[in-house]
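Biologist: I should be grateful for a close look at a single part of this model. Please describe one strand in its surroundings, in a connected account suited to a bench biochemist.

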Amino acid sequence: GNSAQLQHAREASMKHGTLVIAAVAADCVVVVSVQPKKPWSKRRKLQVVHELSLQAPPVGLVCSGVKADAMWLIRALRDYQKRTWERYEEQNLSPGVLQDSMVQVLLSFMGYSRSKELHDGAGLVLLKEEDSWARPMGVTTMIVSPDSPIVLVQPSGVLGKFLAYAIGKNSKAVNEALEDRLRPNIAGDEATELILSIVRETTLDHTKVELLIETVSKQGIERKIVPLETTTFS
């Protein structure tokens, strides 16, 4: 039944997902992902935080799981954002609207009546019946935005709000460490140092991976890549 499919989707997101850790700091949200080392030509376009806003402050979607599912989900939400802008000239989807839209998309496989789906004047997120999936999506997501808690969206559509959370491979150990060691209202650099320390402690092979650090602030999203062996963040 649906419960078994949802369990398989969650396991797929854990098995195939990149380890991504997000933490709310006093002045930003820090998102760190563990990436296999890549040549420079591929590293330039690397991103985990996919911006779903056209102006500051940014609202970003973080996905971990089956890559094809994540790409489809991001495309569907960006199409919805475009229709919202064309109708209302609203350049940003708020975290609240985005989380409701996510639930609508993720639960479309259950065969709910389309007429009862959440929508507004911009229409449904999914415009066509053929856009509905016959299975749940194998992707776990987080919505990140400055001055807002991290919104976790499971493949089942269940929501949670956190000051810090990890998704993807080995996320259980990372979440346990975050719960023990993260303090509220720490500075962005301090949050980054803590995440890097936890990743180094919980990652076995430091030579094959590097870390993508994305800082989401009211001014925008900054990205940099550092080797896992780096001892301090600067």
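Modeller: The account below follows one strand, then its partners, then an aromatic pair and the largest pocket. Please bear in mind throughout that this is a predicted model.

The part chosen is strand 1, which covers residues 20-24. Five of its five residues are buried, so strand 1 is largely enclosed by the rest of the structure. In a regular strand, side chains alternate between the two faces of the sheet. Here both faces are covered. One side of strand 1 carries Val 20, Ala 22 and Val 24, the other carries Ile 21 and Ala 23, and all of these are buried.

Strand 1 has a partner in strand 2, residues 29-36. The two pair in the antiparallel sense, over five bridges. They form a hairpin, with four residues between the two strands. One position can be followed across this pairing: Val 20 has Ser 33 of strand 2 as its bridge partner.

Strand 1 is also joined to strand 8, residues 164-167. These two strands run antiparallel as well, with four bridges between them. In this pairing, Ala 22 of strand 1 stands opposite Tyr 165 of strand 8.

Tyr 165 leads on to the aromatic contacts. A search of the whole structure finds one aromatic pair. Its members are Phe 162 and Tyr 165. A pair of aromatic rings is described by the distance of the centres and the angle of the planes. For Phe 162 and Tyr 165 the centres are 4.4 Å apart and the planes make an angle of 40°. The pair counts as tilted because planes under 30 degrees apart would be stacked and those over 60 edge-to-face. Phe 162 is partly exposed, with a relative accessible area of 29%. Tyr 165 has a relative accessible area of 19% and is therefore buried, the cut-off being under 20%.

Strand 2, the hairpin partner of strand 1, leads in turn to the largest pocket, since strand 2 supplies at least two residues of the lining. Strand 4 (60-65) and helix 3 (67-88) each do likewise. Helix 3 gives the most to this lining, with four residues. The space in the largest pocket amounts to about 770 Å³. Its lining comprises 25 residues, and those nearest the centre are Thr 18, Gln 35, Val 48, Cys 63 and Lys 67. By class, the lining of the largest pocket has eleven nonpolar, eleven polar and three charged residues.

Conventions
Residues numbered from 1 in each chain as written. Predicted model: local features only at pLDDT ≥ 70, side-chain atom pairs only at ≥ 80, totals over all residues. Heavy atoms only, no water. Phe/Tyr/Trp six-rings, centres within 6.5 Å; stacked < 30°, edge-to-face > 60°. Buried < 20%, exposed > 50% of the residue type's maximum accessible area, 1.4 Å probe, protein only. Pairing = 2+ DSSP bridges. 1 Å grid on protein atoms, 1.4 Å probe; cavity = no way out; pocket = protein on both sides within 12 Å on 5 of 7 lines; lining within 4 Å. Points joined across faces, edges and corners; volume = space filled by probe spheres on them. Nonpolar A, V, L, I, M, F, W, Y, C, P; charged D, E, K, R; others polar.
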